[in-house]
Protein chains: 2
Amino acid sequence: MTERVGRATMRDVAALAGVSIKTVSRVVNDEPGVAEQVRMRVQDAVDRLDYRHHLAASNLRRGGGRSGLIGALLQDVGNSFSAALLRSLEDAARARGTAILSASLDEEPERERTLVHDLVTRRVDGLVLMPSTDRQDYLSSEVRAGMPVVFVDREPRGIAADSVTVENVEGAVMGTEHLLAQGHRRIACLTDLPDISTAQQRLQGFVDAHRARGVHPDERLTVTGLRGPAAGEAAVSRLLDLDRPPTAIFAGRNDLAQGAVRALRRRGLGDSVAIVGFDDFPLADLLTPPLTVIRQDVVRIGRLTADLLVARLDGDERPPQRIVVEPTLVVRGSGEIPPSD
Amino acid sequence: MTERVGRATMRDVAALAGVSIKTVSRVVNDEPGVAEQVRMRVQDAVDRLDYRHHLAASNLRRGGGRSGLIGALLQDVGNSFSAALLRSLEDAARARGTAILSASLDEEPERERTLVHDLVTRRVDGLVLMPSTDRQDYLSSEVRAGMPVVFVDREPRGIAADSVTVENVEGAVMGTEHLLAQGHRRIACLTDLPDISTAQQRLQGFVDAHRARGVHPDERLTVTGLRGPAAGEAAVSRLLDLDRPPTAIFAGRNDLAQGAVRALRRRGLGDSVAIVGFDDFPLADLLTPPLTVIRQDVVRIGRLTADLLVARLDGDERPPQRIVVEPTLVVRGSGEIPPSD
DNA sequence: GTGTCCGATGACAACGTTGTCAAAGCCATT
DNA sequence: AATGGCTTTGACAACGTTGTCATCGGACAC
């Protein structure tokens, strides 16, 4: 009601209600042992002053320093995979009254270190990490100090921690084999920055699938270090200019597949060059032809990640868990185009 | 190094370094007036104990109760519009060392109230809100207590606050007029829950455009209260079963446009029924035909929102600002299909 | 009337930090 | 040797809250 500056504290409420601070605390926390009449008087003062509980102060006083916060450091909150993951984590966290501090790493190692430091400083109760660094030894002191970390999408290196990842090698084998089985022999492979483990594994699967058939992949058709859809588009554009261009494309990430589709489309090759993408995304089924993909079940991954973290928060002391989710091949059309020659 | 339980505090560091807590504080905060030798000794103890600054305690002591946090309550963090917005906010916040607490409202009013309460309890310095309630009077005590709120995408009701919105009526007029100009007279209109202001405005624009041409929109082709792509798909499916089905569709939201495209595609009508969507989304240009949309510049909206909030955090006391961004028509093909009869 | 018990209430310290202020040490000056 | 000024350091209180414990007053039994 009144024109206050700043927030009312328990002290203010106590003064208005004519009781001690402790009694206000009891009322606010719904503790027993307060006379009904007093409780009402306090409640009235709370309402009149728009008192709001101060969680940070409360947490500071209450043991352990639990903040009711968890951090989620993902590749890019604006990207559909990270966004879906974040959403999934949020739903799991909400049930526990835990809030999520999210941030995007953009594959920048330095940012990961900075942000982790920031989150520690904020005393998050736990951390979900899709790392951009190639080693995470720097986390060991935090883990030792009791902050559980669950890695998602990429496995930890240099530190023992829980992880939820996808069987990338196998998925890539599946996708590549799908193309090989249709007779493709000049298959392009597009992958991410080479120090990202998923990129390595998917490339590995690509090679493995060839090897299993006794086929040698053409190195000139393998392009690594691609960041973002524009890079994927440019790379495919270059490949199509070769003397013997690829008849199929295996794209190691959803944004690279999107770039590839753009490049093909621009040359009118959308229906003649096959393409299989790793990671499904919204609308992939509405493209022409619909995109054949290796799907990772994001919702499931998010839930498993959250469950793991929640278990740790609740005191689970088992050795680090390593959960690996099987991806599935979703046949839609783009991957079933036969080789053009 | 040692197997600690819990975190080291300044007290521990002080004990190890043989100085007072206050001196540790000085070193940690890089304050002047500490002898070089002492500083080194303290720094050494900090490293040995893996001491980490406790931001919440620090903020508690340092007046004002600034938490270095802002809240972002969006419609659905997993949806491309909200996700892009969140990302944009994040980039602006990072520059100030502010972290973002994000959550999804899913158009549920109750969740908005709960989450706002939770954020207040966490003493966020400011709030970005894409409301799911139809009135936000309940926020006035928080605003009075000094928490700046910036509304995004939807204007505030029942409270004076900053907002960054899109010229929805005009955008919808633009999109509808585009269809009318090509001779369409049976245009379906799909919109969101009717108590969401953007949905109302877009429907308004749809009607206005008709009126401007002296045409009467067919009420049976207007479907409101649609939530999510599946609802959009079902609605379009029903409309196509009518005696005189629509020759064009105006979809009031990106997910409804996606649902509409699915419905059309399933019946093989993708190339014969025109469609214009409100709000662009990734891959809209890769659909067949590419989707004509009314685009709202999400990045710009995010930046304007963040700028506004940041200004308030820095003490800006101007009367509430109302920023309205002009949407643009992006012609791609789906909206230029002529009427079938 | 005395003793006992119980519920209600408050004083106080503490969580981890930092602002304020005073004390201590040092050097130079008189 | 005493004074002044300076830098370095620490004791203490406070931020807003809650756990611990003591106190108070009344109801009850004897």
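**Questions across an interface**

Colleague: How many residues does the contact take from chain B, and how many from chain A?
Modeller: This is a predicted model, in which local features need pLDDT of at least 70, side-chain atom pairs count only at pLDDT 80 or more, and totals for chains, interfaces and linings use all residues. Residues are numbered from 1 along each chain as its sequence is written, chains are lettered from A and ligands numbered from 1 in the order in which they are written, and side-chain values use heavy atoms, leaving out hydrogens and water. With contact meaning heavy atoms within 4.5 Å, the count is 56 residues from chain B and 56 residues from chain A.

Colleague: Nice. What kind of axis relates the two chains?
Modeller: Superposing by least squares on C-alpha atoms of residues with pLDDT of at least 70 in both copies, chain B goes onto chain A with an RMSD of 0.1 Å. The operation is a turn of 180° with a shift of 0.0 Å along the axis. That relation is the one of a two-fold axis.

Colleague: What percentage of the contact residues of chain B recur in chain A?
Modeller: The same surface serves both copies. The share of chain B contact residues that recur in chain A is 100%.

Colleague: How much area do the chains bury between them?
Modeller: Buried area is the accessible area (1.4 Å probe) lost when two parts are put together, summed over both. Carbon and sulfur atoms carry 50% of it here. For chain B and chain A the total is about 4900 Å².

Colleague: How many salt bridges cross the interface?
Modeller: The rule asks for a side-chain nitrogen of Lys or Arg within 4 Å of a carboxyl oxygen of Asp or Glu. One pair across the interface is Arg87(B) with Asp106(A), at 2.7 Å from N to O, and both residues belong to a network of salt bridges that also includes Glu90(B) and Arg111(A). Over all chains the search finds 64, while between chain B and chain A the number is 12.

Colleague: Which part of chain A holds the partner of Arg7(B)?
Modeller: Arg7(B) forms a salt bridge with Glu142(A), with the closest N and O atoms 2.4 Å apart. Both residues are buried (under 20% relative accessible area, 1.4 Å probe, protein chains only). Arg7(B) lies in the segment before helix H1 (10-17) of chain B, so the pair joins two chains by reaching Glu142(A) in helix H7 (residues 140-144) of chain A.

Colleague: How many residues apart in sequence are the parts tied together by Arg154(A) and Glu107(A)?
Modeller: Their side chains meet in a salt bridge at 2.9 Å, N to O. Arg154(A) sits in the loop between strands S4 (149-152) and S5 (162-166), and Glu107(A) in the loop between strand S2 (99-104) and helix H6 (109-121), so the two parts tied together are separated by 47 residues.

Colleague: And which residue pairs with Arg253(A)?
Modeller: Arg253(A) and its partner are both buried. The closest N and O atoms are 2.5 Å apart, and the partner is Asp192(A).

Colleague: Last one: is Thr133(B) buried or exposed?
Modeller: Thr133(B) is found in the loop between strand S3 (126-129) and H7 of chain B. Leaving aside neighbours within four places in sequence, Thr133(B) touches Pro109(B), Glu112(B), Arg113(B) and Tyr138(B). A polar atom of the Thr133(B) side chain lies 3.2 Å from the backbone oxygen of Arg135(B). With a relative accessible area of 7%, Thr133(B) is buried.

How values were computed. Helix = DSSP H or I, 4+ residues; strand = E, 2+ residues; numbered from the N terminus. Buried < 20%, exposed > 50% of the residue type's maximum accessible area, 1.4 Å probe, protein only. Polar contact = N/O pair within 3.5 Å; in protein donor to acceptor, adjacent residues only side chain to side chain.
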